[in-house]
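Colleague: Please pick one part of this model and take me through it closely, side chain by side chain. After that, I would like to hear how the rest of the chain looks around it.

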Amino acid sequence: VDVGVAVGPLGRSAEADMGMATQKLRSGDDAVAMAPIYTYSQSKGFYAGFSFDGKVVVTRHEVNERFYGRPVDPRELLSGDVVTPPAAQPLYDALKRCHVYASAGA
């Protein structure tokens with residue numbers, strides 16, 4: 001959640017986010033690079049305002065049913081009770097590579 005407030009003749013705002021990008025290694029594998037992003041701003045002049053950003057996570061049951069071929073409860077997905085569909089295998093392979101890279105650096 002990002003929150004910013006500016007009131008009166010002088011306002012200040014600070015934010016911190018994380019940026020991620022993939023890079024191609026010489027070996028041909030992909031690596032994920034992460035970098036922090038810091039933002040600071042100062043405003044002058046009369047302004048009064050408030051901003052609030054957030055995220056909402058919803059379950060799209062009809063999309064899950066089309067993808068898995070049957071009604072699937074989110075708890076089944078998160079607990080690992082559902083067999084990995086072939087269309088998701090590239091994602092699982094990428095996550096395994098990330099885990100290998102993270103373990104090698106520790």
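Modeller: Gladly, and one cut-off comes first: a residue is buried under 20% relative accessible area, exposed over 50%, and partly exposed in between. Please keep in mind throughout that this is a predicted model. The part I would choose is helix α1, residues 61-68, together with the side chains that follow. Among the elements of the chain, α1 has the highest mean pLDDT, 90.

Let us start with the rings. There is 1 aromatic pair by the ring-centre rule. Its partners are phenylalanine 67 and tyrosine 68, set edge-to-face with 5.1 Å from centre to centre and 85° between the planes. The angle is what decides the label, because planes over 60 degrees apart count as edge-to-face. Now for the cut-off I began with: phenylalanine 67 has 41% relative accessibility, so it falls in the partly exposed class. Tyrosine 68 is partly exposed too, at 27%.

Asparagine 64 also belongs to helix α1. Its relative accessible area is 17%, which is under the 20% limit, and therefore asparagine 64 counts as buried. What does it touch, leaving aside neighbours within four places in sequence? The contacts of asparagine 64 are Thr59, Gly69, Arg70, Val72 and Leu77. For the whole chain of 106 residues, 10% count as buried.

One of those contacts, Arg70, leads straight to the charged side chains. The structure holds 2 salt bridges. In one of them, arginine 70 meets glutamate 76, with 3.5 Å from N to O. That distance lies within the 4 Å limit, so the pair qualifies as a salt bridge. Both partners are partly exposed: arginine 70 has a relative accessible area of 35%, and glutamate 76 has 24%. Arginine 70 thus has two roles in this picture, as a contact of asparagine 64 and as a salt-bridge partner of glutamate 76.

The other salt bridge joins arginine 75 to aspartate 73, where the closest N and O atoms are 3.1 Å apart. Here the two partners fall into separate classes, since arginine 75 is exposed at 65% and aspartate 73 is partly exposed at 30%. As general background, side chains of opposite charge can pair when their charged atoms come close.

Now for the surroundings. The chain has 3 helices and 2 strands, and along the sequence they follow the pattern β-β-α-α-α. Strand β1 covers residues 2-24, and β2 covers 30-53. Two C-alpha distances show where parts of the chain meet. Serine 43, in strand β2, has its C-alpha atom 6.3 Å from that of arginine 12, although the two are 31 residues apart along the chain. Serine 43 is partly exposed, at 29%. Methionine 34 is in strand β2 and methionine 18 in strand β1; their C-alpha atoms are separated by 6.8 Å, with their positions 16 residues apart along the chain.

Both methionines are exposed, with 52% for methionine 18 and 58% for methionine 34. Beyond residues up to four places away in sequence, methionine 34 touches Met18, Gly19 and Met20. Met18, Met20, Val32 and Met34 make a nonpolar surface patch of about 460 Å², and β1 and β2 each supply at least two of its residues.

A word of caution belongs here. Strand β1 has the lowest mean pLDDT among the elements, 67, while the chain as a whole averages 77, with 75% of residues scoring at least 70. Where pLDDT is low, the predicted coordinates should not be read in detail.

Two totals complete the view. The accessible surface of the chain comes to about 8,900 Å², and 59% of it belongs to carbon and sulfur atoms. Of the contacts between residues at least 6 apart in sequence, 47% join residues at least 24 apart.

Terms used. Residues numbered from 1 in each chain as written. Predicted model: local features only at pLDDT ≥ 70, side-chain atom pairs only at ≥ 80, totals over all residues. Heavy atoms only, no water. Helix = DSSP H or I, 4+ residues; strand = E, 2+ residues; numbered from the N terminus. Buried < 20%, exposed > 50% of the residue type's maximum accessible area, 1.4 Å probe, protein only. Contact = heavy atoms within 4.5 Å. Areas by Shrake-Rupley, 256 points an atom, 1.4 Å probe, with all protein chains shown as cover. Phe/Tyr/Trp six-rings, centres within 6.5 Å; stacked < 30°, edge-to-face > 60°. Salt bridge = Lys/Arg side-chain N within 4 Å of Asp/Glu carboxyl O. pLDDT = per-residue confidence, 0-100. Patch = residues over 30% accessible without salt bridge, like charges linked within 9 Å, V, L, I, M, F, W, Y side chains within 5 Å.
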